[in-house]
Each structure stands twice: as C-alpha cells, then as structure tokens.
Amino acid sequence: MMQRWSRKKSHFPLLVILLLIFIVFTVLYNERSIQQIHEEPDRVHHRQEASITYVKPNRLSPSHEVLDRFNKCNSTRDYSGRRIAWLDRTVKTGPRRVASESCDVFSGEWVFDNVSYPLYNESHCPYMSDQLACHKHGRPDLGYQYWRWQPQHCNLKRWDVTEMWEKLRGKRLMFVGDSLNRGQWISMVCLLQSVIPANKRTMSPNAPLTIFRAEEYNATVEFLWAPLLVESNSDDPVNHRLDERIIRPDSVLKHASQWEHADILVFNTYLWWRQGPVKLLWSAEENGTCEELDGKGAMELAMKAWADWVATKVDPLKKRVFFVTMSPTHLWSREWEPRSEGNCYNEKTPMESEGYWGSGSDLPTMRMVDHVLGMLSSKVSVLNITQLSEYRKDGHPSIYRKFWETLRPEQLSNPASYSDCIHWCLPGVPDVWNELLFHLL
C-alpha cells in the first residue's frame with residue numbers, strides 16, 4: 001500500500017508543472033487575441049461574419065415575379081441566416097433630425113378640452129370610414145373626442161387648416177402602411193377637406209393607392225396600402241386575410257415605384273409582424289422555396305430593405321420622410337386594472353398612471369426600429385406616438401364600428417369578445433398624430 005502511494009505521489013510534481021504550462025499558454029493566447037482585436041478590428045469582425053450571407057436589396061431581376069394573394073411556397077425550410085446589406089459601414093451618418101428644437105413634444109399628458117376639440121365633426125366628413133365612425137355606430141359617450149395633448153415643457157402648435165394647405169401647395173403627401181396608417185390618412189383628409197369646395201376636390205376609388213385631390217392647391221393627400229413595406233402576398237387592400245404570409249424581404253421596389261415621387265412620406269409598419277411566423281421568398285429564389293422566420297426577425301429584414309431605399313434615394317432638402325412608431329393596443333384590462341378580465345370595451349377616460357406601457361407595444365421591436373432609424377440620421381423624422389397613445393385606452397372603437405363579418409349570438413352576448421381595441425375612433429387620437437406632423441413640418 002505504501003509503495004503504491006509513493007509511486008502516485010512521484011507523479012504529482014509533473015502534473016503541477018503541466019498545469020502551470022497550460023495556464024501560461026492560455027493567458028498568452030488570450031492576450032494575443034485581444035491585441036489582434038485592437039489592432040485589426042475589421043479583420044476580426046470579417047472573420048466572425050464570414051459565414052453570413054449578405055443580400056443587396058432592391059435590385060431589379062428579370063425573373064422577379066410580383067407577389068399576389070394567390071402565391072404559395074413550393075416548399076419551406078428553416079431560415080438560412082441571410083441578412084440585408086443596406087449601408088456601407090464606412091459611411092459616417094449625421095445627427096438624427098430632432099423632434100422640434102429642444103422641446104420633446106411626445107412627452108406630456110392628455111388634458112380635457114371640450115372647447116377646442118374635436119377639430120372636426122364626424123358627420124361632416126364625407127370620407128369618414130365606417131370602421132372608425134364610433135358615434136355613428138352607437139357609441140353613447142363622446143368624451144374620447146375632447147382630449148388635447150399637452151407636452152410637458154412647451155405647447156404644441158395649434159392646428160391651422162389654411163397653413164397646412166399652404167405647406168402642401170403643389171405637393172404630394174403620402175401615407176404608406178397598414179390600416180392604422182390608413183386611419184391617420186382619413187384623419188388628415190377630414191382635418192383638411194372642410195375648406196375645399198365640393199366641386200374643387202376629388203377622391204379616387206379605393207385601391208392600393210387612394211388619392212384625395214384639392215384642385216386650388218394643386219395638392220394631394222394619398223394612402224398606399226403596404227402593411228409590411230416590402231412586397232408581399234398581402235398587398236391587396238381588401239383581400240389580404242391569408243393563411244400564409246409571404247414577403248420578399250429584400251425588395252420594396254413594387255411599392256417604391258408608387259411612393260418615390262411623393263414630397264412628404266409618412267410610413268408605418270408593426271401590427272402585421274405580430275401575427276406569427278412569416279415566409280421569406282428571396283428575390284433570387286427561382287424554385288419557389290421559402291424560409292420561415294419569426295415576425296420580429298422578418299420585420300428587421302424588411303426595415304433594412306426599406307432603409308436601404310431611404311439611404312440611397314432620399315435627399316432631405318427635397319423630400320421629407322417620417323416614420324410613425326408602433327400604435328399600441330389595449331387588449332387586456334388587467335394590465336391597467338389588476339384582477340379585471342376585460343379589454344378596452346366600456347373604457348371612457350385615458351390612463352392616469354404616467355409612463356404606462358402595455359404588452360401590445362413590444363420593447364425589443366421598438367429598440368430594433370430605433371437602431372435602424374438611427375442609422376438613417378437626418379433623412380427620417382420620427383413621429384413617436386407610442387407612449388402618448390398608450391394612455392388612451394378609451395380611444396378605440398370597441399363594439400362601436402361596422403363589422404364586415406356576421407357576429408355570432410355568443411359574441412353579441414359578450415361585447416368584450418369582439419371589441420376592436422386596435423384601431424382608433426375618429427375624431428380622436430390619430431388627429432393628434434397629425435397635429436404632431438403639422439408641428440414638425
């Protein structure tokens with residue numbers, strides 16, 4: 001026993017020496033790696049990204065088939081990891097265009113004001129949507145129309161319809177996005193149309209691009225249906241309820257051909273990315289094979305394809321571009337009233353808790369959008385409507401709108417089950433978004 005122990009003990013110094021050599025080698029190797037990163041960061045970064053494929057977006061392809069609602073994926077595979085190459089990393093971007101001098105007009109509170117508001121009468125706007133005309137569809141309270149947004153340290157510029165038309169004289173103002181942006185467009189038309197004689201204004205039929213024209217100002221206020229910004233199989237403004245959402249993540253060219261000549265552009269996208277996985281059909285794909293990616297990841301690809309167009313095509317001295325941040329939903333009343341099981345139905349007043357933020361506004365998505373917009377510097381102005389709209393749990397149509405599908409008896413007996421807590425009544429919250437736009441113009 002003693003002999004065996006002595007033999008084992010004789011190996012111990014050798015093990016210690018080997019361990020010390022290993023530690024010294026590891027330290028020296030790590031120091032050399034850190035030195036290389038400091039001396040050659042671009043080469044190290046390049047090695048890390050060598051396995052990533054970057055796709056240059058918005059390139060014309062002769063074999064490019066325009067997507068429509070009849071397109072299907074021939075097969076689907078996992079996401080390959082491809083990314084959008086949308087800005088040269090060596091380009092030094094300038095400072096982002098700020099909201100308005102030193103005043104943050106997006107930080108403030110809602111003040112009840114039944115003297116100055118609403119800015120127009122729902123029944124006096126011939127272009128009002130039945131989806132947003134809450135009073136027409138039976139909403140008994142009108143309090144939602146009487147709230148004014150008051151920034152904390154300054155005053156919002158008072159809406160002046162004549163001044164707004166002068167800003168638009170000879171120009172095209174175009175809203176591009178989903179039904180929430182369409183609501184903001186309808187709000188703008190209702191705010192503007194009252195001073196234009198009926199025989200001096202026209203509205204084109206509902207189509208992917210709908211145009212309100214004021215003859216004496218030679219101006220248009222337009223809406224382009226592009227809920228995902230990039231080309232998709234959901235680009236029909238009416239027939240877009242599909243089981244499979246397919247996008248070309250690397251191309252905005254179809255929509256850009258419609259918006260590129262507008263003088264003032266107001267973009268939004270968010271809600272449609274919250275509806276589950278998205279199928280990616282890259283422009284270079286010839287066999288109809290799609291990749292599947294989660295909504296946030298797919299939205300980031302689309303945002304970068306859109307950003308590539310802005311970065312390469314927009315001259316801020318000739319064209320104003322705005323991006324509207326996410327419009328919040330109020331689907332769960334327990335988020336502002338613990339132990340309740342409702343939603344926005346029967347809500348009559350704004351939130352009182354400062355800084356309220358519900359689950360309908362995804363913070364990681366907001367940070368991603370902020371990063372992309374930050375890379376565009378002064379080429380894009382941000383309409384940060386999220387926080388101020390979060391307070392307005394009372395501003396949604398809930399049950400007071402036209403529903404295109406027939407409601408079942410069990411739904412009718414439970415109003416909260418079919419309440420629309422996504423869109424906004426008019427007059428209402430989107431009017432303030434447009435007051436902010438007017439302020440920034």
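# A walk through the sheets and helix pairs

Start with the small sheet: select β2, β13, β12 and β10, which lie in that order in an open, four-stranded sheet with mixed pairing. Its edges are β2 (75-78) and β10 (246-247), each of which pairs on one side only. Keep in mind as you click around that this is a predicted model.

Stay here a moment and zoom in on the middle of the sheet. Strand β12 (residues 278-280) and strand β13 (residues 289-293) are antiparallel partners, with three bridges between them. Show L280 and you'll find E291 of β13 standing opposite.

**Next stop: the seven-stranded sheet**

Now select β7, β8, β9, β6, β11, β14 and β15, which follow that order across an open sheet, again with mixed pairing. This time the edge strands, pairing on one side only, are β7 (201-203) and β15 (381-383). On average, neighbouring strands in this sheet are turned by 15 degrees against each other, ignoring direction.

Colour β9 (residues 219-225) on its own. How many of its seven residues are buried? Seven of the seven, so the strand is largely enclosed by the rest of the structure. In a regular strand, side chains alternate between the two faces of the sheet. To see that here, show A219, V221, F223 and W225 on one side, then T220, E222 and L224 on the other: both faces of β9 are covered, and all of these residues are buried.

Which strands flank it? On one flank, strand β6 (residues 172-177) runs parallel to β9, joined to it by six bridges. Pick F175 and its bridge partner in β9, F223. Then switch to strand β8 (residues 209-214), which pairs with β9 in the antiparallel sense, also over six bridges. A214 and A219 of β9 stand opposite each other. Follow the chain round the hairpin of β8 and β9: four residues sit between the strands, and N218 takes a positive phi near 50 degrees.

Further along the sheet, select strand β11 (residues 264-267) and strand β14 (residues 320-324), a parallel pair joined by four bridges. F267 makes a handy landmark, with F323 of β14 opposite.

Before leaving the sheet, add helix α4 (residues 161-168). This helix lies across β6, β8, β9 and β11, and runs at about 80 degrees to β9.

**Two helix pairs to compare**

For the first pair, select helix α7 (residues 295-313) and helix α8 (residues 363-375), which pack with their axes 10 Å apart at an angle of about 15 degrees. The two helices are therefore roughly parallel to each other. Look at how α7 passes α8: the crossing is right-handed. To view the contact, show K296, M299, E300, M303, K304, W306 and A307 from α7, along with P364, T365, M368, V369, V372 and L373 from α8. Colour this α7 and α8 contact by class and you get nine nonpolar residues, one polar and three charged.

For the second, bring up helix α5 (residues 179-193) and helix α11 (residues 429-440), whose axes come within 9 Å and cross at roughly 75 degrees. That makes α5 and α11 roughly perpendicular to each other. On the α5 side, show L180, G183, Q184, S187, M188 and L191; they meet P430, D431, W433, N434 and L437 of α11. By class, the contact of α5 with α11 has six nonpolar residues, four polar and one charged.

Methods:
Residues numbered from 1 in each chain as written. Predicted model: local features only at pLDDT ≥ 70, side-chain atom pairs only at ≥ 80, totals over all residues. Heavy atoms only, no water. Pairing = 2+ DSSP bridges. Axes fitted to C-alpha atoms, helices over the stretch in contact; angles between N-to-C directions. Parallel < 35°, antiparallel > 145°, perpendicular 65-115°, else oblique. Left-handed = near helix turned anticlockwise from the far one by under 90°. Contact = heavy atoms within 4.5 Å. Nonpolar A, V, L, I, M, F, W, Y, C, P; charged D, E, K, R; others polar. Buried < 20%, exposed > 50% of the residue type's maximum accessible area, 1.4 Å probe, protein only.
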